[in-house]
Amino acid sequence: MAVAGVVAAQPSRPPPPPPAETSPKSAASEEPPPINVPTPAPIAVPPISEKEVAPAPPPAQVVTKAPGVPVRRARYDVAVIEALDKVTAESLRFEAAVGRPVRYKSLIFTVKACERSAPDEPIQDSIAYLTIDSQPRPAPGKPELSPRQAFKGWMFASSPSLHPLEHPVYAAWLVSCRAAAPVSAPAR
């Protein structure tokens with residue numbers, strides 16, 4: 001009896017809708033026909049008077065150089081370099097004169113040229129051409145090992161990652177170029 005009460009309490013299903021008659025035209029196309037929309041007429045723009053137009057600015061005066069005569073970069077005789085030992089996190093900023101090798105731990109830096117960009121260049125930068133050789137110090141009683149080239153090329157102070165020293169233990173980059181300090185007169 002309880003089961004009969006549950007069955008009787010449920011709503012009855014609505015009767016199925018009567019089958020619709022399909023016309024051959026609607027059966028083939030379920031989309032409505034396209035609507036024709038007329039193209040709007042163009043909008044007339046009022047004419048601009050001469051008073052409303054601002055005069056064009058005068059052409060900028062261009063300073064021309066003689067063709068084929070570039071401004072030369074200034075050459076310096078000392079490069080300021082910073083080196084980092086990646087193992088001990090020790091860094092050292094030192095100066096290397098052009099043409100004289102300088103040793104930092106097992107690296108030997110030789111600066112071939114150091115220059116700053118010319119005044120007409122868009123970016124002011126220091127640029128140095130150098131070679132870096134890796135040559136560990138010999139153990140006592142052992143022969144000196146031959147140097148192995150670790151880097152050769154131009155380094156740029158403004159973008160040290162452009163041509164970096166790729167070494168597993170050391171990193172080095174150019175800081176700037178400068179002129180050597182003037183020689184002081186000897187004391188009398």
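**View 1. Val111 and what surrounds it in this predicted model.** Setting aside residues within four places in sequence, Val111 is in contact with Ala79, Ile81, Ala96, Ala97, Val98, Gly99, Tyr129 and Leu130. Val111 belongs to strand S5, which covers 107–116. Two of the partners, Ala96 and Ala97, fall in strand S3 (90–97), while Ala79 and Ile81 come from strand S2, residues 78–85.

**View 2. The largest nonpolar core.** Zoom out from Val111 and you're looking at a core of 20 residues. Val111 is among those with the most contacts inside this core, along with Ile81, Phe109, Leu130, Ile132, Met155 and Leu165. Who chips in? S2, S3, S5, S6 (126–134), S7 (148–156) and S8 each supply at least two residues of the core.

**View 3. The S2–S3 hairpin.** S2 and S3 run antiparallel, and 8 bridges join them. Want a couple of rungs to look for? Ala83 of S2 stands opposite Leu92 in S3, and Val80 has Glu95 in S3 as its bridge partner. Between the two strands sit 4 residues. Keep an eye on Ala89 in that turn: its phi is positive, about 60°.

**View 4. The open sheet S3-S2-S8.** Here the hairpin strands are joined by S8, giving an open sheet of 3 strands with antiparallel pairing. S3 (90–97) and S8 (170–178) are the edge strands, each pairing on one side only. From one strand to the next, the twist averages 20°. As a general reminder, strands of a sheet pair through backbone hydrogen bonds, either parallel or antiparallel.

Terms used: Residues numbered from 1 in each chain as written. Predicted model: local features only at pLDDT ≥ 70, side-chain atom pairs only at ≥ 80, totals over all residues. Heavy atoms only, no water. Pairing = 2+ DSSP bridges. Axes fitted to C-alpha atoms, helices over the stretch in contact; angles between N-to-C directions. Core = buried A, V, L, I, M, F, W, Y, C linked by side-chain atoms within 4.5 Å. Buried < 20%, exposed > 50% of the residue type's maximum accessible area, 1.4 Å probe, protein only. Contact = heavy atoms within 4.5 Å.
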